[in-house]
Structure formats: structure tokens, C-alpha cells
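Trainee: I am new to this structure. Please show me how to read it.

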Amino acid sequence: MATEVEVEVEIVKPHTDKREYRRIVLKNSLEVLLISDPDTDKSAASMNVGVGYSSDPVGLEGLAHFLEHMLFYASEKYPMEGSYSKYILENGGQYNACTSYEHTNYHFEVNSDCFEEALDRFAQFFLGPLLSADATMREIKAVDSENEKNLLSDGWRMPQLQKHLSDEKHPYHKFGTGNWETLEVQPKAKGLDTRHELIKFYEENYSANLMHLVIYAKENLNAIQSIVEHKFQEIRSNNRDYISFPGQPCTSKHLQILVKAVPIEQGHKLRIVWPITPSILHYKEGPCYYLSHLIGHEGEGSLFSILKSLGWAISLYANEEGWNREFSFFKVTIDLTDDGHEHMKDVVALLFKYIHLLQESGVRKWIFDELASICETNFHYQDKISPIYYAIQIASNMQLYPPKDWLVQSSMPSKFNPSIIHSVINQLSPTNAR
Ligand SMILES: [Zn+2]
């Protein structure tokens, strides 16, 4: 079977966007979005693999993240260690990767005249990484020191605390980064060979049908397509399915809890978190857009303006976070003053009073319409972002949206459905909160 070009799929793009887009599916089932931008100086690629730390084997927490590190090391074709990163840095580029709950994303950008060679090195991650024994030890140490660094950051500590206070049987509970203890000491004690498990994990999960690739280049679409076919169609596919874990990470025993934690940074933050129905299931109805807009509003009569006038809050954000198709959280974060900290219970009471008001007053169409038109304008007149971030943003979400919405994603709510919005408001109850 040759590469399929799905001409019939029209990808919705911003009115102001002159770039060209094409979706192709290679013979190994790898789905690719090609972006041609003749004006660009930098070219970029982002590969999203549909597996993350939720798939770490029991007793080997951090394995998916550790594998992400190992792929950078060396490949059969380029066995010299660090050859990929060196090439990119020497040619005006940058690179990184990120392991999340159910995805691992690899990405780079480089001067456009060096793109093809950089891409060839990048493709080896998925074709023939070396995963050598001596690199294994050193890279476990690198993961361990990354974790040591994370321990000094509230941005890592607080989410991990939230995971820890959830159902132990649910993969959300896992420790995704890993360290020396989870990748070396504990496996050894159980007679597990970390490198052997690493290779097994790679072979089972790095399958072309679970990958999505975005290529952003200066050449025309036909030229980009032939480069991509040449470099990526030999990635193996074992046609396995995405692993999803049904069920909620928070049971009744993990709700209605109050957790006090001493932060590293100065100041007081109050976070109220509710498990909710994931918005991705209703992304055209955008229930969380509506709620974030109202709860996070800063104008006259808003919750924030009251907290501010009482001298209790410095800022307030409301948004959906940590979502996937199975579960999601809505979160209100309030930066409190010292006085606000003293009145923490009153702050919480005012928040619930406001939510109660939203429940009682019903969903307003004019508010939704106003929001929808702001979102539409923002989408169609967005500024160009750098190729690497643009590629990451699209590749990370290709699995979640139909091709038509690969660029739009959840950014343009357009269907007013008060009952969907109302059902999420009702989930923001005191009994459902953490
Ligand atoms: Zn890392």
C-alpha cells in the first residue's frame, strides 16, 4: 500500500494563515501532518508517541521517562553518543522531549538548510536506538538528578501530592519521573533487569500506529512528503491498541479532604480541585471555557473583586487541568494574602456561594456567544508561534481530535448546550471537592 493522501479532509485553519497543510498516512499507519511555510528560517518536527508513564510496569515507576532519555543517547546509524543533540545545537536549533500520563513527545527545530539531516538523526529514535548497557547506568543517574531538582519545585511537588492522594490502584497515582530507587534499587531487589524491561517496553509500545508526527518545513508539500516517506515508513508497527485505564482516580475517600502542605516558595496558595467529566468529550460545547470565564472573572461584582476588596486574595485562576478522555479536574487556584490565609474557610465559603449562584441562575446564552466569538477571533488572528512549539501543540493532540480540528482543537467552542455546561457546574459541589 502506498501513502494515502486524504485530499478530502479539509483542515480548518486560521483565515490569516498562508501556510499549507497536508495529512498523510504512511504504509505503516503513521499519521503525519505536513506543514509548508516558505517564509520560515527554522524547520521543526514533533513526534508524539501514544504511551506515557501510566503504562509503566508495576515496580518500575519512571520507565517510560527513562526510555525517553535513552533514545537521545545514540542509534545504530549514529552510534556516537550525543550526535543528535550536538548536530542540532551546532545548527541554530533546540530540542527536548516530555513524558506525560499517556504520551511521550519528542521535538526539535533547526536552521532550515540543516533540517533533512537533523530529521534523519531524529527518525533513528523510532527506527534503531542503541539502548546500550553502559548508557543505561549513566542515564538512570541523570533521571535521578532530574528528580532531585524537581523536589525543589512546588510545580512538581504539589501535583505529585495530588496524585499520591488518589486511588493506589489507578495509574494516576504513579510517580512518573522515576529515580535511582525506582529504576535501580527496587527492580534489582526483585530480580528485574531494568535494561531488559526497557527494551521490552520500547518494542511493545513504540509502534507506528500509535505515533503522530508533525513536520514543519520550508519546502513545498510534495518535497516534504517524499522526505517523510523516505525516513519514517520503515518504523515498525505491531498494530496494538492504545491502552486506556477506565475509572476515576478519586474515590469517595479521596474527596472532601483538606491537605495542608508547606511550599518551597513564599506565599499562600489555596487550591480547590474537583474531578469532572472531561471537556474533550464535549469540546464544541466548551463547558470549562464558560466556567473558567465566570469563576475566574476579575471585573466588578466578580468573586475575585470581592476577595480583593476584603484584602484576602492577590490573584485567582480557574481552569481545567490534568485531563484526558477518561478523567479530568477543574481547579480554582487563589493566591492568598496573609490575612486571606487567616480567613481560608471564609474564602472557600465565598467560592461555594458563587458557584451556588451559578447553579441557581442558569446558563446564559449571551455569555456563551460572547465567549465563542472572542475564541473565534483569537483563533483566526493568532500570531505565529515558533515552529517547534507549533509542531508540539499539534502533534500532542492529533490522537484526540479528528483531522479537521487538528489546528483548532478545543480552542473554538461553537455549540451552545446549556445542559452540558450545567452538568459540569453541578459537579463543582462541596462533596465532590478536594
Ligand atoms: Zn527527563
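**Sheet and metal site**

Mentor: Start with the sheet. This is a predicted model. An open sheet has three strands in the order β8-β10-β9, and their pairing is antiparallel.

Trainee: Which strands are the edge strands?

Mentor: Strands of a sheet pair through backbone hydrogen bonds. Here the edges are β8 (268-276) and β9 (313-321), each pairing on one side only. On average, neighbouring strands of this sheet are turned by 10° against each other, direction ignored.

Trainee: How many bridges join β9 to β10?

Mentor: Eight bridges link β9 with β10 (residues 328-336), and the two run antiparallel. Take Asn319: its bridge partner in β10 is Lys331.

Trainee: Now the metal. What are the protein donors of the zinc ion?

Mentor: They are His65 (NE2), His69 (NE2) and Glu146, which is listed twice through OE. These donors lie 2.0 to 2.8 Å from the zinc ion. His65 sits in helix α1 (residues 63-73) and Glu146 in helix α4 (residues 133-150), so the pair ties together parts 81 residues apart in sequence.

Trainee: Why is the arrangement irregular?

Mentor: Ideal angles for four tetrahedral donors are 109.5 degrees. Around this zinc ion, the four donor atoms subtend angles of 52 to 137°, which makes the arrangement irregular.

Trainee: Is His65 buried or exposed?

Mentor: Buried counts as under 20% relative accessible area. His65 has 5%, so it is buried. Glu146, at 22%, is partly exposed.

Trainee: What is Thr136 in contact with?

Mentor: Thr136 lies in helix α4 and is buried at 7%. Beyond its neighbours within four places in sequence, Thr136 contacts Phe66, Met70 and Arg195.

Key: Residues are numbered from 1 along each chain as its sequence is written. This is a predicted model: local features need pLDDT of at least 70, side-chain atom pairs count only at pLDDT 80 or more; totals for chains, interfaces and linings use all residues. Side-chain values use heavy atoms; hydrogens and water are left out. Donors are N, O and S atoms within 2.8 Å of the metal (3.2 Å for Na, K and Ca); water is not among the atoms, so sites may look incomplete. Four donors count as tetrahedral if all angles lie between 85 and 135 degrees; four count as square planar and six as octahedral if opposite donors are over 155 degrees apart and all others between 65 and 115; anything else is irregular. Helices (H or I, at least four residues) and strands (E, at least two) are DSSP runs, numbered from the N terminus. Buried means under 20% relative accessible area, exposed over 50%, partly exposed in between (1.4 Å probe, protein chains only). Contact means heavy atoms within 4.5 Å. Two strands pair if DSSP finds at least two bridges between them. Axes are lines fitted to C-alpha atoms, for helices over the stretch in contact, and angles run from 0 to 180 degrees between N-to-C directions.
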